[in-house]
Amino acid sequence: MFMSFHYFMGSSGDDGKVPTTVYLWSGLFYFENYYKIGGGNYMESFTEEQLYTQLQKLISDIKGLDQEAMDQIQGRLDSLTKPQGSLGQLEHIAKQLGGIQRTSKPIIQKKAVLTMAGDHGVVEEGVSAFPQEVTPQMAYNIMNGGAAINVLARQANAEVFLTDVGIAFPIEGQLIQKRVANGTKNMTKGPAMSRYEALQALLAGASVAEEKIREGYNLFATGELGIGNTTPSSAIVALLTNSPIEEVVGRGTGIDDEGIIRKRRAIEKAIEVNQPDTSDALDVLSKVGGLEIAAIAGSILQAAASHVPIVIDGFISTAGALIAAKLAPQSIAYMIPSHGSMEIGHRKALAGLGLDPVLNLNMRLGEGTGAALTFYFVEAALRIIEEMATFADAGVSEKSS
Ligand SMILES: O=C(O)c1ccc[n+]([C@@H]2O[C@H](COP(=O)([O-])O)[C@@H](O)[C@H]2O)c1
Ligand SMILES: Cc1cc2nc[nH]c2cc1C
């Protein structure tokens with residue numbers, strides 16, 4: 001029988017103590033500590049084959065939405081004091097939530113923004129307007145509550161959980177440690193990461209979502225942070241939506257025209273050097289993707305497998321969603337689109353998922369900002385089915401013809 005004890009040291013808190021949790025997993029006791037910052041990577045205690053089996057299990061756990069619950073909500077929506085369908089996308093979201101939670105009375109308990117951070121070797125090619133050290137600097141800003149995502153999450157009465165999936169060097173503080181590597185490698189020279197690392201990052205994202213679901217969160221926003229990550233995202237979107245590179249490469253943090261040319265060349269070279277197999281999402285992810293993009297895909301798959309809706313943020317998050325959808329097309333039903341990012345490839349990416357953004361605010365920040373704002377509309381959709389009066393209740397005459 002497979003038996004394993006894992007000790008992985010945690011982000012030691014201010015008191016310097018290492019938290020230890022003990023829980024039952026697959027019928028076995030695991031003694032777990034989070035690994036020491038910059039130390040071992042707990043996913044490495046699994047072989048690539050074992051992680052692949054875990055991923056397949058996660059995918060097979062994702063079921064279709066509950067049609068009966070959706071039909072009941074449609075009936076309720078049509079009985080409410082409004083012309084049928086007049087609340088547009090809010091009606092769609094209300095039904096989707098019922099289908100996901102498998103009830104005609106869906107409820108939101110706690111809301112979490114899962115912000116995944118990682119760095120990118122491809123920054124060597126001059127593809128970003130900002131230097132790589134901005135990733136850890138902004139990670140500290142998020143931990144201190146001063147980033148846009150902190151403000152918008154507070155506005156939405158949601159919490160932000162920052163996870164380090166592979167910032168270029170380890171940092172300390174209030175963040176979830178799931179480091180797989182010190183950033184990806186330069187994808188113009190070979191694969192951004194190994195297939196094994198891609199699997200580790202995917203399942204690290206899934207484990208963050210799983211942990212938060214256990215803590216009672218039942219509405220997620222995806223989010224990310226990583227200087228250079230619009231480059232791998234553009235590569236993923238080009239490959240998975242079969243779009244020309246120039247149509248999906250934008251300015252990211254604000255590169256100039258010459259930077260755009262370098263970015264396109266870097267993506268072309270990465271595709272030429274690595275020859276990703278577009279029928280294999282893991283191949284695309286490992287060769288031209290990113291650790292935080294993998295973690296986003298994993299968090300989406302876990303949310304879907306656990307019947308939890310997940311709001312998809314901007315361009316990078318949607319690249320992660322495309323990977324999730326390629327691995328498990330049934331996961332799309334659990335995704336709620338948020339805003340249309342200014343990054344030019346975002347519309348193509350959303351169209352690849354058949355999703356229409358709820359908001360258009362000319363945003364292009366990431367972190368989970370657009371998704372956190374969309375929580376308002378998700379909760380509004382639920383209030384509609386909970387609180388509106390029916391035609392019968394209010395004594396309002398129904399449509400005459
Ligand atoms: O979410 C978006 O649509 C989005 C669009 C452009 C940039 N970003 C953010 O900017 C960073 C990536 O931009 P870049 O130019 O460094 O590739 C990364 O930290 C993202 O969170 C995010
Ligand atoms: C300042 C800054 C904040 C960010 N947040 C997400 N990506 C970012 C990129 C930059 C450059």
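In this predicted model, strand S6 is mostly covered, with nine of its nine residues buried. Strand S6 spans residues 217-225 and has a parallel partner in S3, with eight bridges between the two. Along this pairing, Ala117 stands opposite Leu225 of S6. S6 also pairs with strand S7 (residues 310-312), again in the parallel sense, over two bridges. There, Phe220 has Ile310 of S7 as its bridge partner.

These pairings belong to a wider arrangement. Six strands make up an open sheet with parallel pairing, and their order is S5-S4-S3-S6-S7-S8. The edges of this sheet are S5 and strand S8 (335-337), each of which pairs on one side only. In general, the strands of a sheet are held in pairs through backbone hydrogen bonds, in either a parallel or an antiparallel sense.

On one side of the sheet order, strand S3 (residues 110-118) is joined to S4 in the parallel sense over seven bridges. Gly118 finds its bridge partner in Gly166 of S4. Strand S4, residues 159-166, is largely enclosed by the rest of the structure, because seven of its eight residues are buried. S4 in turn pairs with strand S5 (residues 176-177), in the parallel sense and over two bridges; here Thr163 stands opposite Ile176 of S5. At the other edge, S7 and S8 share three bridges in the parallel sense, and Ile310 stands opposite Met335 of S8. Ile310 thus appears in two pairings, as the bridge partner of Phe220 and opposite Met335.

Attention turns next to the nonpolar interior. The largest nonpolar core has 113 residues, and those with the most contacts inside it are Val113, Phe220, Ile236, Leu301 and Ala372. Helix H10 (residues 291-305) gives the most to this core, contributing 11 residues. For Ile236, the contacts beyond its neighbours within four places in sequence are Val284, Val288, Gly289, Ile293, Ala319, Leu322 and Ile323.

Two ligands are present in the model, and their surroundings can be described residue by residue. Ligand 1 is surrounded by 24 residues, the closest being Ser128, Gly252, Gly314, Ser341 and Gly366. Strand S6 (217-225), helix H7 (230-240) and helix H11 (315-327) are the elements that give two or more residues to this shell. Sorted by class, the shell around ligand 1 holds 12 polar, seven nonpolar and five charged residues.

Around ligand 2 are found Phe130, Val134, Met138, Leu225, Thr253, Leu365, Gly366 and Glu367. This shell comprises five nonpolar, two polar and one charged residues. Gly366 is listed among the closest residues to ligand 1 and also among those surrounding ligand 2. Leu225, a member of the shell of ligand 2, is the residue of S6 that stands opposite Ala117.

Glu367 deserves a closer look. An unreviewed UniProt entry lists Glu367 under "active site", an annotation that may be inferred rather than shown by experiment. In the model, Glu367 sits in the loop between helix H12 (346-353) and helix H13 (369-387). Glu367 counts as buried because it has 29 C-beta neighbours inside 10 Å, where 20 or more are required. Apart from neighbours within four places in sequence, Glu367 is in contact with Thr115, Ala147, Ala148, Ile149, Gly223 and Leu225. Leu225 is thus in contact with Glu367, and both residues help to surround ligand 2.

The backbone of Glu367 is also worth noting. Its phi is near 70 degrees, a positive value in a residue other than glycine. For context, most residues other than glycine have a negative phi. Arg102 likewise has a positive phi, near 60 degrees, and is not a glycine. Arg102 is placed in the loop between helix H3 (88-101) and S3. With 14 other C-beta atoms within 10 Å, Arg102 is partly exposed, whereas Glu367 is buried.

Methods:
Residues numbered from 1 in each chain as written. Chains lettered and ligands numbered in written order. Predicted model: local features only at pLDDT ≥ 70, side-chain atom pairs only at ≥ 80, totals over all residues. Near = placed C-beta within 6 Å. Helix = DSSP H or I, 4+ residues; strand = E, 2+ residues; numbered from the N terminus. Nonpolar A, V, L, I, M, F, W, Y, C, P; charged D, E, K, R; others polar. Buried ≥ 20, exposed ≤ 12 C-beta atoms within 10 Å, placed from the backbone. Pairing = 2+ DSSP bridges. Core = buried A, V, L, I, M, F, W, Y, C linked by C-beta atoms within 7 Å. Contact = placed C-beta atoms within 7 Å.
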